Amino acid sequence: MDDPVPDGRPLWTLFFDGTLFKRYQDYLQSHDLTKILNNRASAVSSNSLPSEPPILNDETNWLPPLGSKAMENNGATPISRMTSTNSDNFLRNVEKKRRNRRTIGCVVLGILCLGAIAAAVALIIHFVFVKSKEHVSNSAPIHIPGSDTHHQNLSGLVNESRRLGITTISPRHSVNIPKLENIPTITEGDGRPQFIPLKPIESATDDPKLAQSIEMKDMYTTIGSSGIFSCSLRGISEWTSVFIRGKRKSQPPGIFEYILTFSGEFSLKGNNSDMVVSHKKQKNIKDVSLDDVLVYIAYTDVICGNQDTFTCGVQAGGETESRTAKVIITVDPAPEVNMEIPVQVIEGELLRISASWMAGYPDPHGNLSWSTYLPGEDTPTDFFTDAKTTWTLKRYEEKCETVIDTFTKFEPKLESNGTDVIVKPEITPVAGGEVPDLKITSSRETLYVVPEIHCDGFTNDTRIAHPYTCTKFVRCMPDKMLIYPCPEQTCFQENSKQCN
C-alpha cells in the first residue's frame, strides 16, 4: 500500500477522498460522543440522522468516486484505469521485486555451495596426494648420484655402480652432512672444548701399478637409511685376488673380509644380516685382456655399527695395492639440553650445577653457554664471575653420539635467591657462515638458596619445612643441614612432619 499512485501520492492518501471518510466526518459533527457513551439512546440529536457510525458497504467506498476531482486533479489517472492498468503494473513490480530477491538469494546460496565444494576438493587432494607422496618418499628406491635412474633392486644398483664407479647412499630423509675435517678430538679441561680438526684419510695420489684405477669414496649416511658402498677396480691383469676388509663394531664384533679370486671363487666372513656383499667381474671395454671388478656392500637398514673404515685392493704377483674409505654415520643433535640442579642448595656451601647435550655425530653442531637472570631482570648478569666452569666433549662411536658435558661450581649467596640459570646451545655456522635452522630447546631452572641459619634452634634430627617450597623439606642435624625432595605430587606437612 506504500507504493505511489500515478500522481505521485501514496496510495493510502486516497482514503481521505472517499465517501466512507466524509460520512464519518458528518457523523461526528452531528453526534455527541460523550452522551453516546453515557446514554446511547439520547445521544442522537435528530431522528433523521443515523444512530450508528458509517461502515464500509455497497453505498460507501474508501476510494473517491469514479471521475471525482480527487482522482483527476494534477493529471491523476482515473480510478477505473488505475485499477485495471496501474494496479496490474503495481502487482507486476511487486512480483518483480520478489523475483529479484529470490534470485539474489539463490546466487548467494550457489556461491556458498561452490565454496564448500572447493574446500572439500582441497581436503581430498591433500589427504590423497600429499599423504601418498609421503608414502612414496619413505619407500623411495635407492638413487645413485650422477645417474638419472632409480633402482628398486640390488641388481640395478650394482649395474649402475659398475657403470659410474662411485660410492653412494640414499638417506630416507635429508640431513646436513658435515665435513670430515671438522670432527673434533676428545678434549677436556677448564675451558671450552678445543675443536682440533681430524684430517681425513688421504687417498693415494700416485697412479696404481697393478690396476688402471682403484676408486672408493667415503659414504655419508644416516641411521635407518639404505644404500650401497662400492669399490671399483679397472684394468687389472694377472691378478690373484680382489679384497675388501673392515673392522665391524656391531654385534658380533670382529674383522669383516670379502675375497674374490681370479677363478671366480669368493669367501666372506664377519658379515651381518643387514649387509649384502657381492661383486661383478667383466672384461675391460678398452682392453679385453684386462679385467674390471666391482665389489659392493649393500645396506638395507643402516645402524650405528655399520660405520667402518674399509680397505679395498688387488693382489698380483706377490704385490698388493689398495685404497681406503669410510662409511660415516651422521646424526642430528638432540632437541633439548638437560640441566640438573642439586636439591641441596644452601647459603655458603659449594654447589655444582651440571648440563649435558648430545650435540650430533660425528661433528658437534655447536657448544653450550651459561647465563643467569636476576628476579625481574631482562638482561643477563655476571653471576658466574667467581664460578669455575668446565666443559668436556666426548665422542661415543658405539652409540653414534658426540656429547658435551659442562658444569659450574660456586658458593650461592642469599642475594642470588630466585635467580634463573639458563644453559643454551650456540649453533656453529656451516660453510659460508650460515647457521643451520636447528630447533634446540634451552634448559632453565630457578635457584632457591636456603639460609645457613635456617636450622638454628632445631636439633636432634628435626624435620622442618623448606622456606620456599613444600615439595622439599629440611632435616636439621646436630652438625649439618640436609635437604630432601618429597615424592612426586606430595607436599611436606608441618604437623605430621611428612610428605603427604
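Lys 269 has a relative accessibility of 46%, so it counts as partly exposed. In this predicted model, Lys 269 forms a salt bridge with Glu 257, with 3.8 Å between the closest N and O atoms. That pair ties together distant parts of the chain, with Lys 269 in strand β10 (residues 266-269) and Glu 257 in strand β9, twelve residues apart. Add Arg 245 and you get one network, joined through shared salt-bridge partners.

**The Arg 245, Glu 257 and Lys 269 network**

- Arg 245 and Glu 257 meet through their side chains in a salt bridge, 2.4 Å from N to O.
- Here too, distant parts of the chain are linked: Arg 245 belongs to strand β8 (residues 241-248) and Glu 257 to strand β9 (residues 254-261), with their positions twelve residues apart.
- The side chains of Glu 257 and Arg 245 also register as a polar contact, again at 2.4 Å.
- Glu 257 is buried, because its relative accessible area is 15% and the buried class takes in anything under 20%.
- Arg 245 sits at 29% relative accessibility, so this one counts as partly exposed.
- Setting aside neighbours within four places in sequence, Glu 257 touches Ile 244, Arg 245, Ser 267, Leu 268 and Lys 269.

**Other salt bridges**

- The count of salt bridges comes to nine.
- One of them pairs Glu 95 with Arg 102, where the closest N and O atoms are 3.4 Å apart.
- Glu 95 has 31% relative accessibility and therefore counts as partly exposed.
- Arg 102 is also in the partly exposed class, at 47% relative accessibility.
- As general background, side chains of opposite charge can pair when their charged atoms come close.

**A nonpolar patch on the surface**

- Leu 114, Ile 117, Val 121 and Ile 125 make up a nonpolar surface patch, and together they offer about 390 Å² of accessible area.
- Val 121, one of the patch residues, lies in helix α4 (residues 79-138).
- With a relative accessible area of 41%, Val 121 is partly exposed, so it clears the cut-off of over 30% that patch residues have to meet.

**Asp 291 and its surroundings**

- Asp 291 is found in strand β12, which covers residues 291-299.
- Buried or exposed, what is Asp 291? At 3% relative accessibility, Asp 291 counts as buried.
- The Asp 291 side chain makes a polar contact with the side chain of Lys 283, at 3.2 Å.
- Leaving out neighbours within four places in sequence, the contacts of Asp 291 include Leu 233, Arg 234, Gly 235, Ile 236 and Trp 239.
- Also on the contact list of Asp 291 are Phe 262, Lys 281, Gln 282, Lys 283 and Asn 284.

**Strand β17 and its partner**

- Strand β17 (residues 366-373) is mostly covered, with eight of its eight residues buried.
- How does β17 pair with strand β20, and over how many bridges? β17 and β20 (residues 419-427) run in the antiparallel sense, and the pairing spans eight bridges.
- Within this pairing, Leu 368 stands opposite Pro 425 in β20.
- A general point for reading strands: in a regular one, the side chains alternate between the two faces of the sheet.

Conventions:
Residues numbered from 1 in each chain as written. Predicted model: local features only at pLDDT ≥ 70, side-chain atom pairs only at ≥ 80, totals over all residues. Heavy atoms only, no water. Salt bridge = Lys/Arg side-chain N within 4 Å of Asp/Glu carboxyl O. Buried < 20%, exposed > 50% of the residue type's maximum accessible area, 1.4 Å probe, protein only. Helix = DSSP H or I, 4+ residues; strand = E, 2+ residues; numbered from the N terminus. Patch = residues over 30% accessible without salt bridge, like charges linked within 9 Å, V, L, I, M, F, W, Y side chains within 5 Å. Areas by Shrake-Rupley, 256 points an atom, 1.4 Å probe, with all protein chains shown as cover. Polar contact = N/O pair within 3.5 Å; in protein donor to acceptor, adjacent residues only side chain to side chain. Contact = heavy atoms within 4.5 Å. Pairing = 2+ DSSP bridges.
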